[in-house]
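Here is a short tour to read with the structure open beside you. Have a look at the fold first, then work through the points below at your own pace.

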Amino acid sequence: MSEKKKKGMTAAEKRTAYWAWAFVAPTIIGLIVLNFYPAINTVWQSLCKTGDFGRGNTFVGFANYAKVLSAGETWQSLWNTIKYALIEVPFGVVIALILAVFLNQKLKGTSVFRTIFFLPMVCAPAAVAMVWKWLYNQQFGLLNNIFHTNVAWISNPKIAWISIAIIGVWSVIGYNMVLFISGLQEIPGDYYEAASIDGANGVRQFLSITVPLLSPTTFFIVQTRLIGALTVFDLMFMVMDKTNLALQKTQSIVYLFYTYAFTNGNKGYGATLVMVLVVFIMIVTFIMQKAEKKFVYYN
Amino acid sequence: MKKKVLSMLLASAMVLSLAACGGSGSAAPASDAGGTDAAAAEEAPAEEAAAEEAPAEEAAADTAAPASGGGSITINIWDSNQQPGLQQIVDEWSKESGVSAKIEVVDWDNYWTLLEAGASGGTMPDVFWMHSNTVQMYMENDILLKLNDYIDKDDTIDMSKYYEGIVNLYTRSDGNIYAIPKDHDTIALLYNKAIFDQYGVECPTDEWTWEDVYEAAAKITEASGGEVYGYAMNTSNNQDGWYNLVYDYGAQIINDTHDGTSIGSAEGKAGMEMVRKILTVAAPQSVVAETGTDSLFQSGKVAMITQGSWMINSFYTAENHADYYWALLPYADVNGNGTCDDGERYSAYNGLGWAASAATANPDACYSLISYLCSEEGQKKQAELGITMAGMEGVSDAFANAFDGMDVSAFVKIEDYRLFFRPYTRKTTVWEDALQQQGGFLDPWQNPEDPALMEQACDNAQKIIEDAIAAE
């Protein structure tokens, strides 16, 4: 608010302005303290050789970046993260969409099924990961016992990343489904009636009416889930033991960050890893925004 | 209209997730990982201001006498096995001092994350355990309460009575003492007699060499057709596992001056070669990575493991504990004369220390509690209750009798042979973790049939440790 404007204010306007500031202050302070300050501090730390307990940081320029960008494990972890996202996002969206279409019909028991599919969302992610870890266990796990197989679900580097991503898909289906259902309910029923009269069958209706009219919701889900998937941490952290051979082929970039920043106490290196991820997410988001103009229909 | 709402939703979601991701540098994962314990640790000492006004030296004036009644302090430990026994001793102290104290258990991995976050943010627990992995970093940064003045005025604490390696560990190079030894631990061989009987293999004795372990493990693994494994050891079983073999064969993980290693030497390779040989008849690495060696043993899938004295209680209270027996840690008959000579049997030992936060609001009460726990009486009590062996020398005999029906004398008997202090440097976890993973010993563990891999891993390990020390 500039000086000039203030002069022109009446007493009543001023009072309103004060109150306005007072009401937004908690949010602004919260954002500054909890979001902006840590974010800026992270940028600063990525340029430092950090001391123990946040003391004695020395500025080293882009030395951390040179190390991070030349380390093979950085790119391997980034690739692991992308692979995870490539499974979690498409499958999470498609399965949720199909479920949503079925559960949007006026049938008996839909609310029961909706609740069941939404349940994973209510569970603590760490608890979910623990349960899946036991399901996957090679010796005593339920999966191998039921199918009489002897698959190393989470120790075989070739399939471990898929096993982890399946947990991710399972966890997000419920959430995506609820968003889809609300999107479906906004599509006017007349379209379907008109299509039926013209002789379009269910599949045709789904592809020509539901999919395009649902695209804003789909876009929102894809965008948020993509960012969520790229910052995945808890699944790998809970499921993969440190001595697991598949760890290097599954650990996400945030997991790598955790290892450096917290286990090894190298905050500067960890902060740099996070910066790399931020830049990557920015690029992905930019591309998504461009794609929005092309593929999303708003009525 | 809809477009506006959606794009606003999108924008805010993006800002939030981006900010959250950037911000995680200081907050998110720490609280994520800790779960409920995180909340407890953060609640710790509220009155920081008071602490700043009371420097340790001044407050030291009237120590030993229990802190004036009232108040409360928080204690953090990482071993839930020890919690009930320790709480019992702490409660007795509370009765005398009038200060209430509650022990919070945070599991090992998250303990250090939380403690470091607490030290950086100024909300540490008052009294907590220190460990050789990290204590140097804490001492150098004056995070811990200096105890010298308290100890000088306290008749019940005489630092010369404790194990020397542990005392040295918690004494800074300038002579400042930051923790008093709480306990010491040793390693022994644990076996399941039922499995040995079932396959008609002779049970381990105190005269066993690692070669005997190999032969027995081979017989059991073969006779069971892979149903039961004769032995199990993961790369993470270092202090209680392969470290001991390296020392038996004459090498050192970290040298006496803490600035080098001889794991890549001929002796180091000989030790790891023996490890490799045993691994060829042990549970495969993919198995132990998914189910811990302890769980495998307790579910009757493994006949022998090595374990530390801090784990006894977990086996003592297990379902089939009547089948479990402890034998002296095997030795390496390096000179091949058939007897155990000096330097052929080593056990790692380590000792935790009771330390207090330099920023505690109640340093007198903290020291009073530490003194109570580390005095001869407290140490004896700790051994009698079977919590751990004492950090004070010569008062652990009661420990051998603490477990009715289970003979744990192997842990006390090993002290007649050589002990080596758990290898540490300034940032132990950096190389310790690297050794456990790919590029370290994970590759030969994965493929123990190939001796060249183990030899290569020893050379890698040499480099990993040297590089880590250089970066400290």
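In this predicted model, the domain assignment splits chain B into domain 1, made of residues 2-185 + 350-402, and domain 2, made of residues 187-348 + 422-471. The two domains touch through 11 residues from domain 1 of chain B and 13 residues from domain 2 of chain B. On the domain 1 side of that contact, the residues divide into 2 nonpolar, 7 polar and 2 charged.

**The four-stranded sheet of chain B**

- Four strands of chain B, in the order E7-E8-E6-E9, make an open sheet with mixed pairing.
- At the edges lie strand E7 (229-231) and strand E9 (324-327) of chain B, each of which pairs on one side only.
- On average, and with direction ignored, neighbouring strands of this sheet are turned by 30° against each other.
- Strand E6 (residues 187-192) and strand E8 (residues 302-308) of chain B run antiparallel and are joined by 5 bridges.
- A handy pair to find on screen is B:Ile187, which stands opposite B:Gly308 in E8(B).
- Helix H12 (residues 210-223) of chain B packs on this sheet, where it touches E7 and E8 of chain B. The direction of H12 makes about 170° with that of E7(B).

**The five-stranded sheet of chain B**

- Another open sheet of chain B has 5 strands in the order E2-E1-E3-E11-E4, and its pairing is mixed.
- Its edge strands are strand E2 (100-105) and strand E4 (180-181) of chain B, each pairing on one side only.
- Strand E1 (72-77) of chain B runs parallel to strand E3 (residues 127-130) of chain B, and 2 bridges join them. Here B:Asn76 has B:Phe128 in E3(B) as its bridge partner.
- E3(B) pairs with E11(B) in the antiparallel sense, over 4 bridges. In this pairing, B:Val127 stands opposite B:Ala356 in E11(B).
- E4(B) and strand E11 (residues 353-356) of chain B also run antiparallel, with 2 bridges between them. B:Ile180 stands opposite B:Trp354 in E11(B).
- Helix H6 (residues 83-97) of chain B lies across E1 and E2 of chain B, and runs at about 165° to E2(B).

**Helix packing in chain A**

- Two packed helices are described by the angle between their axes and the distance between the axes.
- Helix H4 (residues 72-103) of chain A packs against helix H8 (residues 160-184) of chain A at an angle of about 40°, and their axes are 6 Å apart. H4(A) and H8(A) are therefore oblique to each other.
- The crossing of H4(A) and H8(A) is right-handed. Residues in the contact of H4(A) with H8(A) comprise 22 nonpolar, 4 polar and 2 charged.
- H4(A) also packs with helix H11 (residues 215-230) of chain A, at an angle of about 150° and with the axes 9 Å apart. H4(A) and H11(A) are therefore roughly antiparallel to each other.
- H4(A) passes H11(A) in a right-handed crossing. From H4(A), the contact uses A:Thr81, A:Tyr84, A:Ala85, A:Glu88, A:Val89, A:Gly92 and A:Val93. From H11(A) come A:Thr218, A:Ile221, A:Val222, A:Arg225, A:Leu226, A:Ala229 and A:Leu230.
- By class, the contact of H4(A) with H11(A) has 9 nonpolar, 3 polar and 2 charged residues.

Key:
Residues are numbered from 1 along each chain as its sequence is written. Chains are lettered from A and ligands numbered from 1 in the order in which they are written. This is a predicted model: local features need pLDDT of at least 70, side-chain atom pairs count only at pLDDT 80 or more; totals for chains, interfaces and linings use all residues. Axes are lines fitted to C-alpha atoms, for helices over the stretch in contact, and angles run from 0 to 180 degrees between N-to-C directions. Angles under 35 degrees count as roughly parallel, over 145 as roughly antiparallel, 65 to 115 as roughly perpendicular and the rest as oblique. A crossing is left-handed if the near helix is turned anticlockwise from the far one by less than a right angle, and right-handed if clockwise. Ala, Val, Leu, Ile, Met, Phe, Trp, Tyr, Cys and Pro count as nonpolar, Asp, Glu, Lys and Arg as charged, and the others, Gly among them, as polar. Two strands pair if DSSP finds at least two bridges between them. Two residues are in contact if their C-beta atoms, placed from the backbone, lie within 7 Å. Domain bounds come from an automatic or database domain assignment.
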